[in-house]
Amino acid sequence: MPPTLASLVQHSALKLTVRAGEDRLETPVRWAHVSELADPVPYMEGGELLLVTAMTLDAEDREAMRRYVRRLVGAGVVGLGFAVGVYYEDIPDALVEAAKEEDLPLLAVPRKTPFLAISKAVSAAIAADQYRAVTAGFEAQRELTRAALAEGPGGVVARLAAHVNGWAALYDASGAVVAAAPEWATRRAARLTADVERLRERSAPASAVVGDTDDDRVELQSLGSGRRVRGALAVGTGAPLGTAERYAVHSAVALLTLSTERSRSLQEAEQRLGAAVLRMLLSGQQDHARAVAGDLYGGLLDAPFRLLIAEPAGEPDPAAEHPLQAFAESLESAAARAGEPLLDVPYMDDRLVVLAADGGAVVAACTAAYADKEAEDAEVVVGLSAPTGPIAAAGAYKQAEQALSVARRRGRALVEHEELAAGSVLPLLADDAVRAFADGMLRALYEHDATGRGDLVASLRAWLSRHGQWDAAAADLGVHRHTLRYRMRRVEEILGRSLDDPDVRMELWLALKTTSAAASDQGT
């Protein structure tokens, strides 16, 4: 504790007596300062014990003393020490009354007590308090270091919360709470997600003070050795941190930053290993992939997994965080919270490739965040394979690529391959190249019909829809079957292709469906 007016009054060598402000003696004293100026306020910082002999003061003028004391209180002076027996045999009543009105502690300093003795006592007490704070800080550092080695980041957070007599929480790079102490602090920490997000947008190191009420003061500290924020630490207390508590917080930030950077280095090594495992899977070397993965990814390869491919939705901003990096961190956070294995290979062919457990938290988080989004509203575009295993990994990669391609064409942020298998093929024809092919294939028929010499396009559509049944197709058109036969011969002559060829019939049918879909889109 820093020195207080009470501790100075209790100092046996000083022999100070209290003449006013008895109820404010527990106020801390930052320094003892001597000034005989009629107005010393410009030279005050607040928290001082002002020592005077009243050499330049008219201490018996009640109005002058009221103004003098008010200025001192307004400047944050915590006490006034008056030397008796120098210019005044006792403290004048005018000054005593003014001090009582403003509740300013007023101490009588006997003639035998030099101001220097008071200054030394204050200085010695401040030095002793700082020494205690530094000693307590070093002890906290040792305790936090032991916790970091034995229990990891969670242990550091728990020890820090106990040391500051409050609560503490650790956030990962995505802003999710990964550890909190005491247990009830998890919900309190979760309410600071927006504040943590704002902190992450600033270059490290960064800090901020937030809080819901005066009794809930929260300091946020960024974690990370470079400019990029790798996480955040929140410390909640009912008052500003003292020197010892500040040492503890700084020690915790250093330890958690080291842990974060070490985890990042390990993660990068894991990703290099994951890239090797993925390449083995895609080349059909499942046994080698399992051997290399070992326990690190072995559990993932033993159960059905999904293969995910993500690309930036647009051209990344070189000055901003790469969208694939942010997306990867969100998936890693989801996996860490759920305790799931995850294999992710950033920037493989300018893509992020991920293997995640089927039905797990990673896939759920991805689909929840992107399934209903348009590509223009998202940072990344994602293709997701069907559930698979190591033997069919190459096929799953192609499925994810196909789903990604469809997502691009449809302007969606995420498409699952199962949607393509369960749905219609027609939406896949909404492609400029397919439409150009359809227009080129049917152009001659449309030009023929435009001359008014027949309705070959409608006749072809009816005949194909009836699988080549003449009577049924003719009835749909309201013409004789011989007329329909003549029109189909004209179609063959104009196109130079035989309708007996099933490939020709398939291509014509898809071309008709494509042009119909295009016309429908233009109409809407």
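Helix H5 (residues 153–163) lies across strands E6, E7 and E10 (231–237) in this predicted model. Its direction runs at about 155 degrees to E6. Helix H7 (residues 193–200) also packs on the sheet. Two nonpolar cores and two buried helix residues complete this briefing.

**The sheet and its helices**

- The sheet is open and has 5 strands, in the order E7-E6-E10-E9-E8. The pairing is antiparallel.
- Strand E7 (177–181) and strand E8 (207–210) stand at the edges. Each has a single partner strand, so one side of each is left without a neighbour in the sheet.
- From one strand to the next, the twist averages 15 degrees.
- Strand E6 (residues 167–171) pairs with E7 over 4 bridges, in the antiparallel sense. Within this pair, Leu170 has Ala179 of E7 as its bridge partner.
- Helix H7 touches E6, E8, strand E9 (217–223) and E10. The direction of H7 makes about 40 degrees with that of E9.

**The nonpolar cores**

- The largest nonpolar core has 28 residues. Val277, Leu278, Leu281, Leu301, Leu307, Leu343 and Leu355 have the most contacts inside it.
- Three helices and three strands each supply at least two residues of this core: H8 (243–282), H9 (286–301), H12 (393–410), E11 (305–312), E12 (342–345) and E13 (352–357).
- H12 gives the most to this core, with 8 residues.
- A second core is separate and holds 27 residues. Among them are Ala54, Tyr88, Ala98 and Ala99.
- As a general background point, nonpolar side chains tend to be buried together in soluble globular proteins.

**Gln286 in helix H9**

- Gln286 lies in helix H9.
- Its relative accessibility is 18%; buried means under 20%, so Gln286 counts as buried.
- Leaving aside residues up to four places away in sequence, Gln286 touches Met280, Leu281, Pro390 and Ile391. Leu281 is also listed among the residues with the most contacts inside the largest core.

**Leu255 in helix H8**

- Leu255 has its place in helix H8.
- With a relative accessible area of 17%, Leu255 is buried.
- Leu255 touches Leu144, Thr145 and Ala148, again not counting residues up to four places away in sequence.
- Leu255 and Thr145 are 110 residues apart in sequence. In space, their C-alpha atoms are 7.1 Å apart.

Technical notes
Residues numbered from 1 in each chain as written. Predicted model: local features only at pLDDT ≥ 70, side-chain atom pairs only at ≥ 80, totals over all residues. Heavy atoms only, no water. Core = buried A, V, L, I, M, F, W, Y, C linked by side-chain atoms within 4.5 Å. Buried < 20%, exposed > 50% of the residue type's maximum accessible area, 1.4 Å probe, protein only. Pairing = 2+ DSSP bridges. Axes fitted to C-alpha atoms, helices over the stretch in contact; angles between N-to-C directions. Contact = heavy atoms within 4.5 Å.
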